[in-house]
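Me: Hi! Could you walk me through this model before I set anything up with it?

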Amino acid sequence: MGEVRLDKFREECGVVGIYGHPEAANLAYLALYALQHRGQESAGITASDGRSLHLEKAMGLVADVFSETKLRRLKGALAIGHVRYSTTGTSQVKNAQPLLAGYLRGQIALAHNGNLTNAEKIRHDLEAQGSIFSSTTDSEVIVHLVARSREPNLLEASVDALNQVRGAYSLVIMNETELLGIRDPHGFRPLSLGKLGDAWILASESCAFDLIEATFVRDIEPGEFIRINESGVHSFFPFPPAPKSQCIFEYVYFSRPDSFLFGRSVAGIRKELGRQLAREYPVEADVVIPVPDSGVPAALGFAEEAHLPFEHGLIRNHYVGRTFIEPKQAIRHFGVKIKLNAIREVLEGKRVVVVDDSIVRGTTSRKIVSMLRGAGATEVHVRISSPPTIAPCYYGIDTPTRKELIASTHDAEEIRRYLRADTLGYLSLTGLQQAAGKENQGATGFCNACFTGCYPVSFTEEDQEQLRLFEN
């Protein structure tokens, strides 16, 4: 058996929190449906009935993990949920979230999107002091630090714990009676606040609010703690200000296009990426096609700016599982063809511009170019709506190692030859930043480390062992 996937970055994780709704777990379940694109390995929900917490989690998609029976066991007006794709820790149910623990002051549950760069050092120190870990995920470090804190309540204990960690985190944390939403001081990963009647909702993306008919209120700010309890919603900024480093790849690929993120429409920005790409790398062609699904908005923008027809020349099969049995008789490019198929009527005899959001290893892009030529395209011009990816992410995105990223060791012309494309154009970093609205948002900044190799959180010597784990 093999794994069916295109050559893409892996999604990170999605988190949701519900406070003050009699069907909190059911709403969390629906919200996780909307966030499924952020993680497909495991799903879980923890709910509170006001006295104790109950957890249901398992490996698999949201629809496979939760049954009516399981949801009925999740009683109460307070719940948090999580969908996971592993960036640290193996893909096992022990690493599925939310993480639930009992400690001196009761119970806590936590769901985390992001990655801690100093988790290994903290874990080693805690184990040396007698702590016993039940998972291999970095998120459990936060649970231990909260439980060990001498601060009198969940909010202050969480501040104490997070003062000891470095890296990226958007968190939802709950005990029996209250809900916290937290973004790290740099704001790497997104988190938003919504409202449904008298209930309050926290979610990684605003598309989760749309599904449950909640109203988007605002983004949680970098470094902000939101505390929701019977007295309402309270905002705290306990950390010193830090330069904003919001993940620009959320705009390029990760977030759903119908989300409103970092103050902007994701779909609108992706179209502008395509327009800017057409300005930077124009080409004489007959048709513009996207690599579905993530390449669609940028391809629309490219076609509009270039005054070229837009067509769906590649059709994606959405019903392929994570594994497949490959036929004994070899079929060329089987892994790509099982997910994508070219439409000869659209492509035959045409000079084709194919737009995608990124190139990672390059193997899938090469097969797509071959597929388009096999369907009769006379020229294939590859356009990428982001700069070359040259460095791995340490802030919650599962990227290949540096040596596996084709752009880290090859220039654009070498990549073009490898793809066997007629031309290749990457969006410039300046063009990406302009399209994402950096110049129009004043102090708002983005993390672009995957395109530059310049990481906004400096790494100490103690962090280096953790980083080496990513590179092996």
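Reply: Happy to; below we go through some strands, a helix pair, a sheet and a few unusual backbone spots. Keep in mind that this is a predicted model.

Me: Let's start with strand E5. How many of its seven residues are buried?

Reply: Seven of the seven, counting residues 78-84, so E5 is largely enclosed by the rest of the structure.

Me: Which residues sit on each face of E5?

Reply: Leu78, Ile80, His82 and Arg84 are on one side, with Ala79, Gly81 and Val83 on the other, and all are buried.

Me: And what does E5 pair with?

Reply: Strand E2 (residues 13-19) runs antiparallel to E5 and is joined to it by seven bridges. Strand E3 (residues 42-48) also pairs with E5 in the antiparallel sense, over seven bridges. To find your way around, look for Val16 opposite Gly81, and for Thr46 opposite Ile80.

Me: Nice. Switching to helices: which residues of H4 are buried?

Reply: In H4 (residues 119-128) they are Ala119, Ile122, Arg123 and Leu126. These residues cover an arc of only 100° around the axis, which puts them on the same side of H4. His124 and Ala128, on the other side of H4, are exposed.

Me: What does the buried side of H4 pack against?

Reply: The buried residues of H4 pack against strand E7 (106-116) and helix H5 (139-148). For the helix contact, Ala119, Ile122, Arg123 and Leu126 in H4 meet Val141, His144, Leu145 and Arg148 in H5.

Me: What's the angle between H4 and H5?

Reply: About 50°, and their axes are 10 Å apart. That angle makes H4 oblique to H5. Their crossing is left-handed.

Me: Anything to flag just after H4?

Reply: Gly130 is there, with a positive phi of about 105°.

Me: Now the open sheet. What's the strand order?

Reply: The order is E6-E7-E8-E9-E13-E14, six strands with antiparallel pairing. Strands E6 (99-103) and E14 (232-236) are at the edges with a single partner strand each, so one side of each has no neighbour in the sheet. From one strand to the next, the twist averages 20°.

Me: How many bridges hold E13 and E14 together?

Reply: Five, between E14 and strand E13 (residues 225-229), which pair in the antiparallel sense. One bridge has Ile226 partnered with Ser235 in E14.

Me: Where does H5 touch the sheet?

Reply: H5 packs on the sheet by touching E6, E7 and strand E8 (167-174), and its direction makes about 140° with that of E7.

Me: Last topic, backbone oddities. Which peptide bonds are cis?

Reply: One joins Gln97 and Pro98, with omega about 5°; Pro98 is in the loop between E5 and E6. Another runs from Pro292 to Asp293, with omega near 0°. Asp293 is in the loop between strand E18 (287-290) and helix H10 (296-306). These stand out because most peptide bonds are trans.

Me: And Phe262, what is its phi?

Reply: Near 50°, a positive value in a residue other than glycine. Phe262 is in the loop between strand E16 (260-261) and strand E17 (264-265).

Me: Is Phe262 buried or exposed?

Reply: Buried, with a relative accessible area of 4%; the cut-off for buried is under 20%.

Me: What about His307, buried or exposed?

Reply: Exposed, at 71% relative accessible area. His307 has a positive phi of about 55° although it is not a glycine, and its place is the loop between H10 and strand E19 (314-316).

Methods
Residues are numbered from 1 along each chain as its sequence is written. This is a predicted model: local features need pLDDT of at least 70, side-chain atom pairs count only at pLDDT 80 or more; totals for chains, interfaces and linings use all residues. Side-chain values use heavy atoms; hydrogens and water are left out. Buried means under 20% relative accessible area, exposed over 50%, partly exposed in between (1.4 Å probe, protein chains only). Helices (H or I, at least four residues) and strands (E, at least two) are DSSP runs, numbered from the N terminus. Two strands pair if DSSP finds at least two bridges between them. The arc is that of the directions from the helix axis to the C-beta atoms. Contact means heavy atoms within 4.5 Å. Axes are lines fitted to C-alpha atoms, for helices over the stretch in contact, and angles run from 0 to 180 degrees between N-to-C directions. Angles under 35 degrees count as roughly parallel, over 145 as roughly antiparallel, 65 to 115 as roughly perpendicular and the rest as oblique. A crossing is left-handed if the near helix is turned anticlockwise from the far one by less than a right angle, and right-handed if clockwise.
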